[in-house]
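This briefing is meant to be read beside the sequence and the coordinates. The points that follow are grouped by topic, beginning with a question.

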Amino acid sequence: MQNYDPIRVEQSSSFFCWCRYLYFGFLLATITAFHVATVREGHLWGDDFALYIHHAQNIAENRPYADTGYIYNPAIPVYGPRMYPPVFPLLLAPLYKIFGLSLLPMKLEQVVFIILTLALVFVLWHRHLGTGHCLALVAILGFSPALGSAKENILSDLPFLFFFYAAVCLLQWTPSGQKQCWTRGLALGVILYLVIGTRTAGITIVPGLLLYEWLRQKRISRHTGVALVICAMALIAQNWFVGAVPGGYMEQLHSVTARTILLNAIRYTRTLAGFWVGGIPGTFSFLVIGAVSGLIFMGLLSEHRRGVAAVHCLLAPYMLLMILWPFGAGIRYALPVLPWMAFLALSGLRELSARFYPCYPATAALAF
């Protein structure tokens, strides 16, 4: 205690803070360069992207939003709804206005949403994981084949992922005063609309928000009520300008059976396991999946001790919808689960390291 110098400690803390952001900025720049350099020409024909671009074309050319020429067939609803929500086409419309039907700018916009999502992930979990593990989390997600493939598709998946985690960050933010509480309520209302207006499945964020509020304080606060009212008003305005969105999902509900639920549970388990090994089978892959599963379990125990978190409450109804929906879409629908799953694995690794590394440094290094 004799050598304690508060000024030196503060300067040291400031230095490490700058280093943290320097490392993070360098990592984001590297991930950005990687994704920009690996953008491919053309597009796989999945036909959903064409409907999004056609909506964007209608917005840019001031034509009726739903006038795409797509003839909806209620007998085969899995092909898609009559029209998609307007937020993603609104994001594409300026690019179409400037570059026409060139897909490259649209794919680069997808890269932007990857980087923005990674920034939110870092902000959200840095306090729990620390700098080293959080940088590892960003790297695991940023260089993953899942996001690398997602950027090649002109779909709403990546914007939805960004808006979803923006809502999580807003809920985790603790305002310091009444003015900030109202600011958070207003911002949350806008974000709630952007989540739902980007993908219809985002409606699950509303029960998730109510669940979080109830578990945390056994009531719905006024600021959350304001957010819900703003979201509802935005959805009403959306229906006024572009029509009711969507038509075509309700017809698919008759296909929900116990068999489809079981198949979805198996499919998504395989999909999430494949995230860690690139979908490559083999003995080594099974060893990796087994090790990661143990770390995720430890991370879940750690999160349980920490208490209610916004990401758990928002993901719970979304994951339930994934399982119940009769037609699985693979990694596309599972994207919001990936950051949380990787966080749990690294949280488990951090706890395991803290317990055993001081006693068994050589064994820990060998295991790594």
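With which residue does Glu 152 form a salt bridge, and how far apart are the closest N and O atoms? The partner is Lys 151, and the closest N and O atoms of the pair are 3.4 Å apart. The model is predicted, and the salt bridge between Glu 152 and Lys 151 is one of nine that the structure holds.

**Overall architecture**

- The secondary structure of the protein chain consists of 15 helices, with zero strands.
- Of the 368 residues in the protein chain, 45% are buried, and the chain exposes about 19,600 Å², of which carbon and sulfur atoms supply 69%.
- Among the contacts in the protein chain with a separation of 6 or more, 77% are accounted for by residues 24 or more positions apart.

**Salt bridges and their surroundings**

- Both partners of the bridge introduced above count as buried: Glu 152 because its relative accessibility is 6%, and Lys 151 because its relative accessible area is 3%, the cut-off for buried being under 20%.
- Arg 306 forms a salt bridge with Glu 303, with the closest N and O atoms 2.1 Å apart; because these two residues lie three residues apart in helix H11, they are separated by about one helical turn.
- Within that pair, Arg 306 counts as partly exposed at 39% relative accessibility, whereas Glu 303 is buried, with a relative accessible area of 5%.
- A further salt bridge joins the side chains of Glu 351 and Arg 305, at 2.6 Å from N to O, and this pair links distant parts of the chain, since Glu 351 belongs to helix H14 (residues 337-356) and Arg 305 to helix H11, 46 residues apart.
- Glu 351 is buried, with a relative accessible area of 15%, while Arg 305 is exposed, with a relative accessible area of 54%.
- Asp 48, Asp 157, Arg 199 and Arg 332 are joined into one network by salt bridges that share partners.

**Cysteines**

- The structure holds zero disulfides, a disulfide being a covalent bond between the sulfur atoms of two cysteines.
- Cys 134 is buried, with a relative accessible area of 0%, and Cys 313 likewise counts as buried, at 4% relative accessibility.

**A nonpolar surface patch**

- Leu 211, Trp 214, Leu 215 and Val 308 form a nonpolar patch on the surface, and together these residues have about 360 Å² of accessible area.
- Val 308 is placed in the loop between helix H11 (283-306) and helix H12 (310-324), where this residue counts as partly exposed because its relative accessibility is 42%.

**Confidence of the prediction**

- The mean pLDDT of the protein chain is 86, and 88% of its residues reach 70 or more.
- Confidence in the protein chain is highest in helix H3 (residues 87-99), at a mean of 96, and lowest in helix H15 (residues 361-367), at a mean of 59.
- Over residues 1-12 the pLDDT stays under 50, and for this stretch the model has one contact beyond four places in sequence.

Note on methods:
Residues numbered from 1 in each chain as written. Predicted model: local features only at pLDDT ≥ 70, side-chain atom pairs only at ≥ 80, totals over all residues. Heavy atoms only, no water. Helix = DSSP H or I, 4+ residues; strand = E, 2+ residues; numbered from the N terminus. Buried < 20%, exposed > 50% of the residue type's maximum accessible area, 1.4 Å probe, protein only. Contact = heavy atoms within 4.5 Å. Areas by Shrake-Rupley, 256 points an atom, 1.4 Å probe, with all protein chains shown as cover. Disulfide = S-S within 2.5 Å. Patch = residues over 30% accessible without salt bridge, like charges linked within 9 Å, V, L, I, M, F, W, Y side chains within 5 Å. Salt bridge = Lys/Arg side-chain N within 4 Å of Asp/Glu carboxyl O. pLDDT = per-residue confidence, 0-100.
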